[in-house]
Amino acid sequence: MVLSVNSVSVSLGRSRIVNDIDCYLRAGELLMLLGPNGAGKSTLLKAISGDLPYVGSVRFAGRELGQWRPEWLARQRAVMPQRVEVNFPLTVEEVVRLGRPKTASVGSDPVVDQLMSELDIGHLRHRLVPALSGGEQQRLQLARVLAQIIDSPGDRLLLLDECTSALDPAHQQMVLELVHRLAKNQGIAVLAVVHDLNLAAQFADRLLVMKAGCLVHEGSAREVLTPDLLEAVYGFTARVIELDEGYPMVVPRRGGLPNAYLAPGNPSCRQAS
Amino acid sequence: MIRDAAGRLGFAPSLAIVISAAVIVALVSITSGAYPLSVADILSVITSREASDPVASMVLLEVRMPRLLLGFLVGAVLAVSGALLQGLFRNPLADPGLIGVSAGASLAAIAVIVLGNTWLGGWLAMTGEWALPIAAFFGGSCTVLLAWRIANRFGQTSVATLLLAGIAINAVAGAATGLLTFYANDEELRSLTFWTMGSLGHAGWDDLLVGAPFMLLALFVAPWLARPLDAFLLGESVVGHLGYRTDTVKKAAILVVGLGVGAAVAVSGLIGFVGLVVPHLVRQLLGASHRVVLPLSALVGGTLLVAADSLARVVVAPAELPIGLMMALIGGPFFLALLLRTKVI
């Protein structure tokens, strides 16, 4: 098991944002975390990446997170935050190279070149980061994050927080196909927070659904993406179509929102805690 | 190939340009002044032990040399400290004065000037002619430690709290300085004014002996922080994700700034603008990577301060303008021109 999370809770101030979560991740598995805004997805991801103090246990490659030496962990585990803002005149290539080990910092680096071309930012190599578009910056950050772990031996974990939110459809597809391929070919374990249900249906091996700080559902796309469950979790009505490609597609209904926030079946464990 | 692929001046050519500029400025600085020296004079003093002109020898070895070295060191330390803090705060407006170190050092120095004959007589008796620089150094270090303790209350270093604490400490130290100014007599007021406007006028080998070890230490530790500081430009959490010990980096940077700027203020008074303008200028021309910004800021800062000092000696010779004033006079308009020319900060 690459990652095992056991009864993890996170509190910010007095409110408990993440409540008693258990989950695990195998090598080569692409796990996607769904849930409405404010469900605690990013907070859980931050706890797993060690940015926030938590209660419970997070083990990476069998060892508790806090027992890893930071410089070793950085070679095995990479984190892409929801937002990275760069205000200083660094070039695209300089930022990607920040992810590389110290020893690879001189001369040309084939790994960096490869990643930049696969993420379609090779032509931006010498441009200044603050002048890039939102989507270009997002691809740049993914390249930096992948550069960190792509050629490391041993168990590897990739944590992505909405890595496609600023991308056009073609680039969304491109990015997730790359991530999917790396998971399958290289055995990298991926935990990704996503909002696009159809992208999740297409690429995820397994889906986790969070609501109000709790894990409410877990399973394959076909098990999780059902009209009833979508209504209970998000509060909107949708049609789910089984595609010939072998995965379901979610089509929201117009005007399907009114009962959204009045849905009776809302699990509300946050208050219960 | 002068320019690199990103259209910026490459590291090696800019290093060559800055070093040549530094040598020229050093030569100008060492030859000009109330007692002009020629290059031939300098060569004769250096090559032959029994110099033909004892005055030239004295001016060169006891006045110009220590002043040149001290000016260069102070400029380099102020510029590097500015670059460190701007990286740490991810803000191009950060300045060594921001965390209270300059205010604390100058408050202590002014206290010695004004109260030296009364309340602080014991201090004067104990430290003799070094009373002022040592007091300034302690003042600077204490304020940094205070801001530091406030920002570290919860086990982690909060950069925002450090900034706010610095502002509050600056305000209190400024008020205390104002009170001391109010009580000062005419003579004290004069030397106090010179202190607050900055001066290398009294620079001697003893000042170098007091300040240089700390300033050199700061200059040599700073480059070790270059890689993690680049990571800081992407945000504090990214520093940890990339495998650096965020808190250790922050502590090291603040300590370096405290030591370096404390020592710089101790030997030269308050000199503004170097720490703000120089790193900014280097970044505009060469990009924001700290492996370039730190060494070149040191060289440019040192050169700029020596140049300003030479000008300050010449324009109203045989009197001298305070160098802090000179820096603001040159730096202000220059900085404005730079701002008008550029789009991305």
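**Exercise 1. Identify the strands of chain A that helix 1 lies across in this predicted model, and state how the helix is directed relative to strand 7.**

Solution. Begin with the helix: helix 1 of chain A covers residues 41–48. Next, list the strands: the helix lies across strand 3, strand 7 (157–161), strand 8 and strand 9 (206–211) of chain A. Finally, take the direction: helix 1 runs at about 150 degrees to strand 7 of chain A.

**Exercise 2. Describe the open sheet of 6 strands in chain A, from its order to one bridge within it.**

Solution. The order of the strands is 6-7-8-3-9-10, and their pairing is mixed. At the edges stand strand 6 (77–80) and strand 10 (214–219) of chain A, each of which pairs on one side only. From one strand to the next, the twist averages 15 degrees. Now consider one pair inside this order: strand 3 (residues 30–34) and strand 8 (residues 189–193) of chain A run parallel and are joined by 4 bridges. Within this pair, A:Leu31 has A:Leu191 in strand 8 of chain A as its bridge partner.

**Exercise 3. Determine the order and pairing of the open sheet of 4 strands in chain A, and find how helix 1 packs on it.**

Solution. The strands follow the order 2-1-4-5, with antiparallel pairing. The edge strands are strand 2 (15–25) and strand 5 (63–64) of chain A. Strand 4 (residues 55–60) and strand 5 of chain A are joined by 2 bridges, and A:Arg59 has A:Glu64 in strand 5 of chain A as its bridge partner. Helix 1 of chain A packs on this sheet, where it touches strand 1 (3–12), strand 2 and strand 4 of chain A. The direction of helix 1 makes about 65 degrees with that of strand 2 of chain A.

**Exercise 4. Characterise the packing of helix 4 against helix 5 in chain A.**

Solution. First, the geometry: helix 4 (residues 110–118) and helix 5 (residues 134–149) of chain A pack at an angle of about 145 degrees, with their axes 10 Å apart. The crossing of helix 4 and helix 5 of chain A is right-handed. Second, the residues: A:Val111, A:Val112, A:Leu115 and A:Met116 in helix 4 meet A:Ala143, A:Leu146 and A:Ala147 in helix 5 of chain A. Third, the classes: this contact has 7 nonpolar, no polar and no charged residues.

**Exercise 5. Find which element of chain A gives the most to the side that touches chain B.**

Solution. In total, 26 residues of chain A are in contact with 22 residues of chain B. Helix 2 (70–76), strand 6 and helix 3 (92–98) of chain A each supply at least two residues of that side of chain A. Helix 2 of chain A gives the most, with 4 residues. By class, the side of chain A that touches chain B has 15 nonpolar, 6 polar and 5 charged residues.

Terms used:
Residues are numbered from 1 along each chain as its sequence is written. Chains are lettered from A and ligands numbered from 1 in the order in which they are written. This is a predicted model: local features need pLDDT of at least 70, side-chain atom pairs count only at pLDDT 80 or more; totals for chains, interfaces and linings use all residues. Two strands pair if DSSP finds at least two bridges between them. Axes are lines fitted to C-alpha atoms, for helices over the stretch in contact, and angles run from 0 to 180 degrees between N-to-C directions. Two residues are in contact if their C-beta atoms, placed from the backbone, lie within 7 Å. A crossing is left-handed if the near helix is turned anticlockwise from the far one by less than a right angle, and right-handed if clockwise. Ala, Val, Leu, Ile, Met, Phe, Trp, Tyr, Cys and Pro count as nonpolar, Asp, Glu, Lys and Arg as charged, and the others, Gly among them, as polar.
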